[in-house]
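Open the model in your viewer and keep the selection tool at hand. The tour goes from helix pairs to single residues.

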Amino acid sequence: MSIRLPLLPWPVRWLPAGLIAVLICYWSLVTAPPAVVPTRPSTLTTSGSLPASHQRHATAYAALTVALAYAIADRTRPPAHKALLVFSIATGYGAVMEFGQVFQPDRVASLVDMVANTIGSAVALSWYHLEQRAQFIPVGREKRA
(Lines give C-alpha, C1' and ligand atoms only; values in the text may rest on other atoms or scores of the structure.)
Protein backbone atom coordinates (compact mmCIF):
# COMPACT_ATOMS: atom_id res chain seq x y z
CA MET A 1 0.00 0.00 0.00
CA SER A 2 1.41 3.34 -1.06
CA ILE A 3 0.70 6.67 0.57
CA ARG A 4 0.60 9.59 -1.86
CA LEU A 5 2.32 12.70 -0.52
CA PRO A 6 2.91 16.01 -2.29
CA LEU A 7 6.51 16.86 -3.06
CA LEU A 8 6.82 20.63 -3.14
CA PRO A 9 9.64 22.35 -5.06
CA TRP A 10 12.93 22.15 -3.12
CA PRO A 11 13.09 25.84 -2.04
CA VAL A 12 9.62 25.52 -0.52
CA ARG A 13 10.55 22.25 1.22
CA TRP A 14 13.53 23.91 2.91
CA LEU A 15 11.47 26.84 4.28
CA PRO A 16 9.97 24.94 7.25
CA ALA A 17 13.37 23.55 8.25
CA GLY A 18 14.89 27.03 8.12
CA LEU A 19 12.00 28.58 10.02
CA ILE A 20 12.14 25.92 12.74
CA ALA A 21 15.92 26.38 13.05
CA VAL A 22 15.49 30.15 13.39
CA LEU A 23 12.77 29.72 16.03
CA ILE A 24 14.91 27.25 17.99
CA CYS A 25 17.81 29.72 17.87
CA TYR A 26 15.55 32.57 19.00
CA TRP A 27 14.10 30.56 21.90
CA SER A 28 17.52 29.18 22.85
CA LEU A 29 19.71 32.25 22.65
CA VAL A 30 17.65 35.43 22.39
CA THR A 31 14.74 35.16 24.78
CA ALA A 32 15.06 34.79 28.52
CA PRO A 33 14.00 31.36 29.80
CA PRO A 34 10.77 31.09 31.77
CA ALA A 35 11.11 31.11 35.52
CA VAL A 36 11.10 27.59 36.89
CA VAL A 37 10.14 26.81 40.45
CA PRO A 38 11.50 23.37 41.33
CA THR A 39 9.02 21.28 43.27
CA ARG A 40 11.32 18.36 43.94
CA PRO A 41 14.73 17.18 42.77
CA SER A 42 13.42 14.39 40.51
CA THR A 43 13.52 14.86 36.75
CA LEU A 44 10.09 13.26 36.45
CA THR A 45 6.91 15.06 37.38
CA THR A 46 4.39 13.51 39.74
CA SER A 47 2.46 12.26 36.71
CA GLY A 48 5.52 10.30 35.56
CA SER A 49 6.13 12.39 32.45
CA LEU A 50 9.08 14.55 31.51
CA PRO A 51 9.11 18.18 32.62
CA ALA A 52 7.58 20.63 30.16
CA SER A 53 10.96 22.13 29.24
CA HIS A 54 12.28 18.74 28.13
CA GLN A 55 9.06 18.05 26.25
CA ARG A 56 9.53 21.37 24.40
CA HIS A 57 13.13 20.45 23.54
CA ALA A 58 12.12 17.03 22.22
CA THR A 59 9.20 18.46 20.24
CA ALA A 60 11.28 21.22 18.66
CA TYR A 61 14.01 18.84 17.52
CA ALA A 62 11.50 16.26 16.32
CA ALA A 63 9.91 18.99 14.19
CA LEU A 64 13.31 20.05 12.86
CA THR A 65 14.17 16.44 12.01
CA VAL A 66 10.91 15.85 10.13
CA ALA A 67 11.29 19.15 8.26
CA LEU A 68 14.84 18.21 7.23
CA ALA A 69 13.72 14.71 6.22
CA TYR A 70 10.98 16.13 3.99
CA ALA A 71 13.40 18.66 2.52
CA ILE A 72 15.64 15.85 1.24
CA ALA A 73 12.85 13.38 0.42
CA ASP A 74 13.71 13.35 -3.28
CA ARG A 75 17.36 12.40 -2.75
CA THR A 76 18.27 9.02 -4.17
CA ARG A 77 20.13 7.72 -1.15
CA PRO A 78 19.23 4.74 1.03
CA PRO A 79 16.87 5.69 3.88
CA ALA A 80 19.55 4.84 6.46
CA HIS A 81 21.95 7.38 4.89
CA LYS A 82 19.28 10.08 4.83
CA ALA A 83 18.27 9.27 8.42
CA LEU A 84 21.87 9.55 9.58
CA LEU A 85 22.26 12.86 7.75
CA VAL A 86 19.15 14.53 9.21
CA PHE A 87 19.81 13.08 12.67
CA SER A 88 23.38 14.43 12.57
CA ILE A 89 22.26 17.87 11.41
CA ALA A 90 19.48 18.15 14.00
CA THR A 91 21.51 16.89 16.96
CA GLY A 92 24.56 18.88 15.87
CA TYR A 93 22.42 22.00 15.71
CA GLY A 94 21.10 21.21 19.19
CA ALA A 95 24.65 20.89 20.51
CA VAL A 96 25.57 24.24 18.96
CA MET A 97 22.52 25.89 20.56
CA GLU A 98 23.42 24.46 23.97
CA PHE A 99 27.04 25.57 23.56
CA GLY A 100 25.81 29.05 22.60
CA GLN A 101 23.97 29.25 25.90
CA VAL A 102 27.33 29.19 27.72
CA PHE A 103 27.78 32.79 26.57
CA GLN A 104 24.30 33.96 27.60
CA PRO A 105 24.02 35.26 31.16
CA ASP A 106 20.38 34.14 31.57
CA ARG A 107 20.97 30.68 30.13
CA VAL A 108 22.59 27.45 31.26
CA ALA A 109 23.98 24.90 28.84
CA SER A 110 22.62 21.51 29.79
CA LEU A 111 23.57 17.98 28.85
CA VAL A 112 20.05 16.91 29.84
CA ASP A 113 18.62 19.35 27.27
CA MET A 114 20.93 17.87 24.62
CA VAL A 115 19.65 14.41 25.50
CA ALA A 116 16.05 15.64 25.15
CA ASN A 117 16.95 17.15 21.75
CA THR A 118 18.50 13.85 20.67
CA ILE A 119 15.51 11.82 21.83
CA GLY A 120 13.12 14.10 19.94
CA SER A 121 15.22 13.78 16.80
CA ALA A 122 15.52 10.00 17.15
CA VAL A 123 11.75 9.57 17.57
CA ALA A 124 11.16 11.68 14.46
CA LEU A 125 13.29 9.30 12.42
CA SER A 126 10.12 7.20 12.22
CA TRP A 127 9.54 9.44 9.18
CA TYR A 128 11.67 6.99 7.22
CA HIS A 129 9.21 4.20 7.99
CA LEU A 130 6.52 6.36 6.35
CA GLU A 131 8.81 7.46 3.51
CA GLN A 132 9.42 3.85 2.44
CA ARG A 133 5.69 3.49 1.91
CA ALA A 134 5.19 6.89 0.32
CA GLN A 135 4.86 7.89 -3.27
CA PHE A 136 5.91 11.52 -3.61
CA ILE A 137 3.96 13.40 -6.25
CA PRO A 138 5.77 16.53 -7.51
CA VAL A 139 3.64 19.65 -7.13
CA GLY A 140 3.80 22.42 -9.69
CA ARG A 141 4.95 20.32 -12.62
CA GLU A 142 2.77 19.65 -15.62
CA LYS A 143 1.67 16.06 -15.98
CA ARG A 144 2.86 14.47 -19.19
CA ALA A 145 0.65 12.10 -21.12
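Helix axes here are lines fitted to C-alpha atoms over the stretch in contact, and angles run from 0 to 180 degrees between N-to-C directions. Two packed helices are described by the angle between their axes and the distance between the axes. Keep in mind that this is a predicted model.

**Stop 1: α2 against α3**

Select helix α2, residues 52-71, together with α3. Their axes lie 9 Å apart, at an angle of about 140 degrees. Angles over 145 degrees would count as roughly antiparallel, so α2 is oblique to α3. The two helices make a right-handed crossing.

Now show the side chains at this contact. On α2, pick His57, Tyr61, Leu64, Thr65, Leu68 and Ala69. On α3, pick Val86, Ile89, Ala90, Tyr93, Gly94, Met97 and Glu98. Colour them by class: nine are nonpolar, three polar and one charged.

**Stop 2: α1 against α3**

Keep α3, residues 79-100, and add helix α1, residues 10-30. How do the axes of α1 and α3 cross? They come within 9 Å of each other and cross at roughly 25 degrees. Angles under 35 degrees count as roughly parallel, and α1 and α3 are therefore roughly parallel to each other. The crossing of α1 with α3 is right-handed.

Select the residues that make this contact. From α1 come Ala21, Val22, Ile24, Cys25, Ser28 and Leu29. From α3 come Tyr93, Met97 and Gly100. Seven residues of this contact are nonpolar, two are polar and none is charged.

Look again at Tyr93 and Met97 of α3. They take part in the contact with α1, and they also belong to the contact with α2.

**Stop 3: valine 30**

Stay on α1 and select valine 30, which lies in that helix. Is valine 30 buried or exposed? Its relative accessible area is 58%, and the cut-off for exposed is over 50%, so valine 30 is exposed.

Next, draw a distance from the C-alpha of valine 30 to that of glutamine 104. The viewer should show 8.6 Å, although the two residues are 74 places apart along the chain.

**Stop 4: serine 121**

Move to helix α4, residues 111-124, and select serine 121. Its relative accessible area is 0%, so serine 121 is buried. Which residues is serine 121 in contact with, leaving aside its neighbours within four places in sequence? They are Tyr61, Ala62, Thr65, Phe87, Ala90 and Thr91. Three of these names are familiar from the first stop: Tyr61 and Thr65 of α2, and Ala90 of α3.

**Stop 5: alanine 116**

Stay in α4 and select alanine 116. This residue is also buried, with a relative accessible area of 8%. Outside the four neighbouring places in sequence, alanine 116 is in contact with His54, His57 and Ala58. Set a distance to alanine 58: the C-alpha atoms are 5.1 Å apart, while the sequence separation is 58 residues.

**Last stop: the whole chain**

Zoom out and colour by secondary structure. The protein chain has five helices and two strands. From one end of the sequence to the other, the order is β-α-α-α-α-α-β.

Of the 145 residues, 30% are buried. The chain exposes about 9,600 Å², and 68% of that comes from carbon and sulfur atoms. Among contacts between residues at least 6 apart in sequence, 79% join residues at least 24 apart.

How values were computed
Residues numbered from 1 in each chain as written. Predicted model: local features only at pLDDT ≥ 70, side-chain atom pairs only at ≥ 80, totals over all residues. Heavy atoms only, no water. Helix = DSSP H or I, 4+ residues; strand = E, 2+ residues; numbered from the N terminus. Buried < 20%, exposed > 50% of the residue type's maximum accessible area, 1.4 Å probe, protein only. Contact = heavy atoms within 4.5 Å. Areas by Shrake-Rupley, 256 points an atom, 1.4 Å probe, with all protein chains shown as cover. Parallel < 35°, antiparallel > 145°, perpendicular 65-115°, else oblique. Left-handed = near helix turned anticlockwise from the far one by under 90°. Nonpolar A, V, L, I, M, F, W, Y, C, P; charged D, E, K, R; others polar.
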